[in-house]
Amino acid sequence: MSEQYDLIIIGGGPGGYVAALRAAQLDQKVAVIEKRESLGGTCLNEGCIPSKALLDSSEYFALARDSFGRHGIKIDAPELDLAKMQKRKQEIVKKLTRGIASLFKKNGIDWVNGTGRLGEDSDNGMQVVVETKDGEQTLEGETVLLATGSVAVELPHLGFDEAKIGHARDALEYQEVPEHLLVVGGGYIGLELGSVWLRLGAKVTVVEMLDEILPNTDQELAVELRKSLEKQGMTILTGTKVTGFDKQKSGLSVKVEGERDEPIACDRVLVAVGRKPCVEGLNLDEAGIDRNKQGQIEVDENYATSKAGVYAIGDLIHGPMLAHKAMDEGVVFVERLAGRESLVDYGLIPGVIYTMPEVASVGATEEELKENDIDYETGKFPFMANGRAKCMDETEGMVKILADPASGHLLGVHILGPKASELIAEAAAVMAFGGSIEDVELIMHPHPTLNEAFKEAALATMGRALHA
Ligand code: NAD
């Protein structure tokens, strides 16, 4: 007889493992099926965490090389030990993924190491078949949650070849700094990993099909970030498409069309043109699970698919492909299953691009407000006028607040600047509590801090910024 669970989760990434932990807290008997040798999914193994490790290391390298002098610190030109940098990154990944495995143990969650697919209906729910290295195993779950995440989109005329043309996973593993890295796609991955290798000494060219990088980000900030990255030495070609490539003796010659028409000679290509739901081999069609035109699984407000007892969250369904969105959906799914009225606020999903300076946003962009004919007033405050940013010597960027003119409620907050990734949490908190610019004004901010720029931007919407 197959083992019986309350909840079987296919996929042990941020969505799946967090759902498992919350379900265990609610006394569910849970199994997680994960094919990787470690838990944590793309985020921990080959995405958010390793990329942030390299972003932090390469930022220190660039600061030591380019900025220490300005602080009155004299050092010889720093030397790169890439093997050590890569090893450090790997250690962080190992510690964090093992941490999840031990949390599973502590919470009595079974991890089945193998590839899962939906099986037959059973008396108590549904069967899930797992291909493990020791053969097939069948589990039975009253409820099944699909949380298999997403995979990189491949371009037909620039297929992944593991040697020269790859996606994020490959660009995190380079053992030598490329001479010339061509990045296709000016989105999250392209700009973050492009920044890593630029800081470590590569020539980096980003080719973006649209007229500006970061198409879904507030465009005023996207323009400012592009200028900053160009100042750092990145070449960014917008309105440009890759049409093919030729193999050369020592690299590739990539054909482009748009802002530039001559082929680009490079030794590495990173394709970062988006990701798509990872549904291959799950048996969705056989199980009668509906998908939309984008290939996402259709779910209702409880994350239920068209097949009774089967649910889906994270990159498999609508919304931005972000780890924190998947995590919150995992918790909310489990709590709703338990009869609680939990909710994900899809209007308040923060987004961060970990470039230097960072970009962080929550709520509507100016473009979205215009498109939907929503009235707004704008308040901006530059980090140039912020004391802490001056001390840090990181004065690029601004805080931009979009607020409702009648009520003062915050509609969107967009930050380009130092530690924007941390600063955005205050904006998200104010917005989650339905706060207004007057509420922000009433909050005493410690001085000198970067957060003061948020309060000043709120004051600026009323024409009352004190330091600008
Ligand atoms: P993305 O959607 O962020 O950016 C893709 C970019 O490629 C877009 O600007 C798009 O216009 C462009 N593009 C598409 N086709 C193209 C073509 N043929 N030629 C040139 N440009 C083209 O996707 P991504 O950077 O691949 O990231 C994938 C997902 O991973 C994103 O959805 C993102 O949410 C997530 N991610 C998040 C973070 C973070 O939170 N910091 C970091 C990395 C990835």
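Me: What makes Arg 70 count as exposed rather than buried?

Reply: Happy to start there, bearing in mind that this is a predicted model. Arg 70 has a relative accessible area of 57%, and exposed means over 50%, so Arg 70 is called exposed.

Me: Why is the pair of Arg 70 and Asp 393 called a salt bridge?

Reply: The closest N and O atoms of Arg 70 and Asp 393 are 2.7 Å apart. The rule asks for a side-chain nitrogen of Lys or Arg within 4 Å of a carboxyl oxygen of Asp or Glu, so the pair qualifies. Arg 70 sits in the loop between α3 and α4, and Asp 393 in the loop between α11 and β21, so the salt bridge ties together parts 323 residues apart in sequence.

Me: And what makes Asp 393 partly exposed?

Reply: Its relative accessibility is 31%. Buried needs under 20% and exposed needs over 50%, so Asp 393 falls in between and counts as partly exposed.

Me: How do you know that Lys 231 and Glu 396 form a salt bridge?

Reply: Same kind of check: their side chains meet at 3.6 Å, N to O, and the cut-off is 4 Å, so the pair is accepted. Lys 231 belongs to helix α7 and Glu 396 to the loop between α11 and β21, 165 residues apart. Lys 231 is exposed, with a relative accessible area of 67%, while Glu 396, at 31%, counts as partly exposed.

Me: What puts Glu 46 and Arg 169 on the list of salt bridges, and is Glu 46 buried or exposed?

Reply: Their side chains meet at 3.4 Å, N to O, which is within the 4 Å limit. The partners come from distant parts of the chain, Glu 46 from helix α2 and Arg 169 from helix α5, 123 residues apart. Glu 46 has 15% relative accessibility, so it counts as buried under the 20% limit. Arg 169, with a relative accessible area of 40%, is partly exposed.

Me: How many salt bridges does the structure hold, and which residues are linked in a network?

Reply: There are 24 salt bridges. The network links Asp 218, Glu 220, Glu 366, Lys 370, Lys 380 and Lys 400.

Me: Why does Cys 278 not form a disulfide?

Reply: The closest cysteine sulfur to that of Cys 278 is in Cys 43, 15 Å away. A disulfide needs the two sulfur atoms within 2.5 Å, so this distance is too far for a bond. By this rule the count comes to zero disulfides. Cys 278 is also buried, with a relative accessible area of 16%, whereas Cys 48, at 30%, counts as partly exposed.

Me: What makes Thr 205 buried, and what does it touch?

Reply: Thr 205 has 4% relative accessibility; that is under 20%, so Thr 205 counts as buried. This residue lies in strand β10. Leaving aside residues up to four places away in sequence, Thr 205 touches His 180, Leu 181, Leu 182, Val 183, Thr 235, Leu 237 and Ile 264.

Me: Which residues lie nearest the centre of the second largest pocket, and which helix gives the most to its lining?

Reply: Glu 59, Leu 63, Met 356, Pro 357 and Glu 394 lie nearest the centre, out of 32 lining residues. The volume of this pocket is about 850 Å³. Helix α3 gives the most to the lining, with eight residues, and α6, α7 and α12 each supply at least two. By class, the lining has 14 charged, ten nonpolar and eight polar residues.

Definitions and conventions. Residues numbered from 1 in each chain as written. Predicted model: local features only at pLDDT ≥ 70, side-chain atom pairs only at ≥ 80, totals over all residues. Heavy atoms only, no water. 1 Å grid on protein atoms, 1.4 Å probe; cavity = no way out; pocket = protein on both sides within 12 Å on 5 of 7 lines; lining within 4 Å. Points joined across faces, edges and corners; volume = space filled by probe spheres on them. Helix = DSSP H or I, 4+ residues; strand = E, 2+ residues; numbered from the N terminus. Nonpolar A, V, L, I, M, F, W, Y, C, P; charged D, E, K, R; others polar. Buried < 20%, exposed > 50% of the residue type's maximum accessible area, 1.4 Å probe, protein only. Contact = heavy atoms within 4.5 Å.
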